[in-house]
Amino acid sequence: MTQPEQRRMLATSIPGPKSLKLQQQRSSELADGLGTTLPVFIEDAGGGILVDVDGNHIIDLASGIAVTSVGASDPEVVRRVAEQAARFTHTCFLVTEYEGFVDVAAALNRLTPGSHAKKTALFTTGAEAVENAVKIARTYTGRPAIVVLDHAYHGRTLLTMSMTAKNVPYKQGFGPFAPEVHRVPAAYPFRSSSAETCADEAMARLQEVVLTQVGAANVAAIVVEPIQGEGGFIVPPAGYLRRVQEFANEHGIVLVADEIQTGLGRTGAMFACEHDGVVPDLITTAKALGGGMPLSAVTGRAEIMDAVPAGGLGGTYAGNPVACAAALGALETIESQNLVQKAQQIEATVLGRLEKLVGPGSAVGDVRGRGAMLALEFVRPGTREPAPDIARDVVARCHAEGVLVLVCGTFGNVIRLLPPLVIGADLLDDAISVLEVAIEDASCAW
């Protein structure tokens, strides 16, 4: 098995004629509610490159939304998937068991923060993991309420959609929503009246809502993303998450770290909560866990995980054997190739270049992130007014030049960078150069 050549090449315009033809078929066969970022069809991928059906080599700064951290065709993932698929593809672990499920759980129990006794349950999607974390917390505490943050994204199911902050496109028209979900302000330095006091203000509001509006004795869990993902790659001030944990501990509330996007090396630590010295009671993983296959997990304190009686957790496809094989391959690659350190190197290489784009008259209002989870927030020059149109313009220019980037943020004005952790230095340099030119050109146009 060989990876595609690791350099950007444009054989046609993007999208090319073959992708456009397939797009017509897609439009007639698929529901309109399924959006797309870049309308190209991929036929090969690996390392930091996506090859479309027209032969264009596109630099991947998306990783399938932080999924293919080890690349889209990691040899160890491919080998293990092929071997497992040749043996059997499914039995349902709740019916007859297999070792891969137990091995993935053991790896997560070892890798997640804390030296306490842990247990794990496997599921299929990130939203399932979050929903099951809530089920576990409610059973353990006997309490109904869940507290989440502004700008949060936790999924698209009824409960996780209710926990998600952004209305369009995730919630519009889909109500009524699940009850007992309470939202408090996030510590968002760039959009705070004072970056120095935003943690204090957010913490004060959290305490007020929990203590006076909901009642601490009614709160089962506080669910936080250590770095908010879809909400705009918001990095909270140092110490904020520790204070949330201390408050949760004081009142017998389960702290759930949603590490579905941040986990398994993405931020330059195995888990993003480690940057703040936080040891969550429960932690959810997905995305990078499966190396491209659908797999998610809840890992946590054994006494909390064991609160749910037998039969209360699971699912037909939960911990599918092929997905477990992929996860074991991905975890081996993350550890053997020291991809946590590679994420740190990506930050060291890229963040300084991005920070130079901020300044008087620039449309880049803020640059932030950790490891290989970096972002630029676009504003009207000289203000903090969100500028989603400028962000979209920059994205379009990058796409036309063969660099895949994504938009996120509550206001749609943030470009996020999620390169595979295995991306080559030359490829990454080329991609950032394209981004820099796109930002300069778009800023002049506006």
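**Briefing: a four-stranded sheet and its helices**

In this predicted model, 4 strands form an open sheet in the order β11-β12-β15-β14, paired in antiparallel fashion. The edge positions belong to β11 (364-370) and β14 (406-408); each has a single partner strand, so one side of each is left without a neighbour in the sheet. From one strand to the next, the twist averages 25 degrees.

**Helices on the sheet**
- Helix α11 (residues 339-355) packs on the sheet and touches β11, β12 and β15. The direction of α11 makes about 10 degrees with that of β12.
- Helix α13 (residues 425-445) lies across β11, β12 and β15, and runs at about 10 degrees to β12.

**Pairing of β12 with β15**
- Strand β12 (residues 373-378) and strand β15 (residues 414-417) run antiparallel and are joined by 4 bridges.
- Across this pairing, Leu376 stands opposite Ile415 of β15, and Glu377 stands opposite Val414 of β15.

**Pairing of β14 with β15**
- The antiparallel strands β14 and β15 are connected by 3 bridges, and Leu406 is placed opposite Arg416 of β15.
- The hairpin of β14 and β15 has 5 residues between the strands, and in this hairpin Gly409 adopts a positive phi near 100 degrees.

**Side chains of β15**
- Val414 and Arg416 point one way from β15, whereas Ile415 and Leu417 point the other way.
- All four of these residues, Val414, Ile415, Arg416 and Leu417, are buried.

Note on methods
Residues are numbered from 1 along each chain as its sequence is written. This is a predicted model: local features need pLDDT of at least 70, side-chain atom pairs count only at pLDDT 80 or more; totals for chains, interfaces and linings use all residues. Side-chain values use heavy atoms; hydrogens and water are left out. Two strands pair if DSSP finds at least two bridges between them. Helices (H or I, at least four residues) and strands (E, at least two) are DSSP runs, numbered from the N terminus. Axes are lines fitted to C-alpha atoms, for helices over the stretch in contact, and angles run from 0 to 180 degrees between N-to-C directions. Contact means heavy atoms within 4.5 Å. Buried means under 20% relative accessible area, exposed over 50%, partly exposed in between (1.4 Å probe, protein chains only).
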